[in-house]
Amino acid sequence: MTRTARPERLTWLLPSHLVAAAGAERTGPRGRPRRTVRDWIVDTTIFLLAAFVGLLAAETSATYSSEAVALTDQIVGGLACCAVWLRRRWPAGLAVTLSVVSVVAPTAGGAVLASLFSVAVRRPFREVAWIGALATAASVVQVFVRPDPTVNVVVAIGLGVVLILLVTAWGMLVRSRRQLVEALRDRAVRAEAEAELRFEQAQRLAREAIAREMHDVLAHRLTLLSVHAGALEFRPDAPPEQVARAAGVIRDSAHEALQDLREIIGVLRAPGEEAADRPQPTLATLDSLVDEVREAGMRVVLDTTVTDPGSVPAATGRTVYRIAQEALTNARKHAPGAEVTLTLRGRPGEGLTVEVRNPAPTGPVPPVPGSGQGLIGLTERATLAGGRMEHGATPDGGFALRAWLPWPA
């Protein structure tokens, strides 16, 4: 998604500084923003208005001035109107120069008003104030230097002051509106960036949750497949009963893995629907997990003081189940043949503690690629449940995993 396509279509409707702020590449040879179609229309209109005011002033001065003075007024007024095209580049300097020139050349009055408008639009209030005061003083002095016999002095001074105030106020209003538009544009850009960031974070969290769930569920099933397939490979002369038993475990594990995979794929395809194929594991199903790994040939000692697993909150029981499942899977991979002790302690109000220990392996164990990812996921799962988890090697070369989870009274 790009944010440049929309401004590119509407650049002719915006002032050049807003186009440059929007990121469109419309700069001149010296890095200044080029005029848009709107800028050309506005500049041409202001030039024509300044020329119209200058013509009125030249026609009036010709009635009470000599031909040489009138010609000079016309030349100065024409140059002043042409200088209006520089108001975007040097607004303050142009306004000061034209204000001084207007003292002796009434035909520059329209150009002075145009330059004051540019200053009010592009400069802060302090600079606008002193330039406006200079222009007001110049208009008052002009009444006495180049008086118009057909207009009263007080009326001429009042008319000049009112025009300067109106043009300045109009420019300041345009400036405040532009600042409001820029603030709204910046706010919209920030809001869009924050929305994209939230979307990316939501995607990342969803991917992490799916990866954690797939690891916790499928790793256990696939490990059983690997163990029994390896037993069949290295014991081709095993009794038919053991071969049939191993084949049955392989078949059941593959079936369970396919069921779990179908559930995860169903969630991905229809994220708004509940997965109702099978109930989620809880602490009450921990005995089934232990029986399953025992049938796979693993020696497991279950030591628990929780007499009523159904009283444990479902979320806590599911977390304990996943921790025990991952710990037993790791023990089967890294310490094959070792006896594993699974201890479960706790009661309402004190929390629930699960500990899994295994001694050092009796023989060499080949390295398992990708080890450690499951422990990272379990630590995150325990933290999200409001608990904590610790794991590490024991002094005798074995491995221990200990987790505590809250169990409200």
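**Figure 1. Leu56 and its nonpolar surface patch.** In this predicted model, Leu56 is partly exposed, at 43% relative accessible area. Its place is in helix H3, which covers residues 37-64. Here Leu56 joins Phe52 and Val53 in a nonpolar patch on the surface, and together these residues have about 270 Å² of accessible area. For the wider setting, the chain has an accessible surface of about 23,700 Å², and carbon and sulfur atoms account for 63% of that.

**Figure 2. The largest nonpolar core and Leu352.** Welcome to the interior: the largest nonpolar core has 30 residues, and Leu283, Leu344 and Leu352 have the most contacts inside it. Helices H10 (286-295), H11 (314-334) and H12 (373-384) each give two or more residues, as do strands E2 (340-347), E3 (351-358) and E5 (399-405). Helix H11 gives the most, with seven residues. Which residues does Leu352 touch, not counting those up to four places away in sequence? Among them are Leu283, Val306, Val312, Thr316, Val320 and Leu344, along with Ala403, Trp404, Leu405 and Trp407. A second, separate core has 25 residues, including Ala83, Ala108, Val119 and Val121.

**Figure 3. Thr343 in strand E2.** Take a look at Thr343, which lies in strand E2. Is Thr343 buried or exposed? Thr343 counts as buried because its relative accessible area is 17%, under the 20% cut-off. Leaving aside neighbours within four places in sequence, its contacts are Asp303, Thr353, Val354 and Glu355.

**Figure 4. The salt bridge between Arg402 and Glu355.** The side chains of these two residues meet with an N to O distance of 3.2 Å. Arg402 belongs to strand E5 and Glu355 to strand E3, so this pair ties together parts that are 47 residues apart in sequence. The two partners are worth viewing side by side: Arg402 is partly exposed at 43% relative accessible area, whereas Glu355 is buried at 15%. Arg357 joins the picture too, as Glu355, Arg357 and Arg402 are linked in a network of salt bridges.

**Figure 5. Two further salt bridges, Asp291 with Arg294 and Arg347 with Glu350.** The structure holds seven salt bridges, and this view shows a pair of them. Asp291 bridges to Arg294, with the closest N and O atoms 4.0 Å apart. Because they sit three residues apart in helix H10, Asp291 and Arg294 are separated by about one helical turn. Asp291 is partly exposed at 40% relative accessibility, and Arg294 is partly exposed at 36%. In the other bridge, the closest N and O atoms of Arg347 and Glu350 are 2.6 Å apart. Glu350 is partly exposed, with 47% relative accessible area.

**Figure 6. Cys81 and Cys82, two cysteines without a bond between them.** How many disulfides does the structure hold? The count is zero. Cys81 is in no disulfide, and the nearest cysteine sulfur to it, that of Cys82, is 7.0 Å away. Seen from Cys82, the closest cysteine sulfur is that of Cys81, and 7.0 Å is too far for a bond, because a disulfide needs sulfur atoms within 2.5 Å. Cys81 is buried, at 6% relative accessibility, while Cys82 is partly exposed, at 47%.

**Figure 7. Val141 and Ile157.** Val141 lies in helix H7, residues 125-145, and is partly exposed at 39% relative accessibility. The C-alpha atoms of Val141 and Ile157 are 9.0 Å apart, and the two residues are separated by 16 residues along the chain.

How values were computed: Residues are numbered from 1 along each chain as its sequence is written. This is a predicted model: local features need pLDDT of at least 70, side-chain atom pairs count only at pLDDT 80 or more; totals for chains, interfaces and linings use all residues. Side-chain values use heavy atoms; hydrogens and water are left out. A nonpolar core is a set of buried Ala, Val, Leu, Ile, Met, Phe, Trp, Tyr and Cys residues joined through side-chain atoms within 4.5 Å. Buried means under 20% relative accessible area, exposed over 50%, partly exposed in between (1.4 Å probe, protein chains only). Helices (H or I, at least four residues) and strands (E, at least two) are DSSP runs, numbered from the N terminus. Contact means heavy atoms within 4.5 Å. Accessible areas come from the Shrake-Rupley method with a 1.4 Å probe; for residues, only the protein chains shown count as cover. Patches are made of residues with over 30% relative accessible area and no salt bridge: like charges are joined within 9 Å, nonpolar side chains (Val, Leu, Ile, Met, Phe, Trp, Tyr) within 5 Å.
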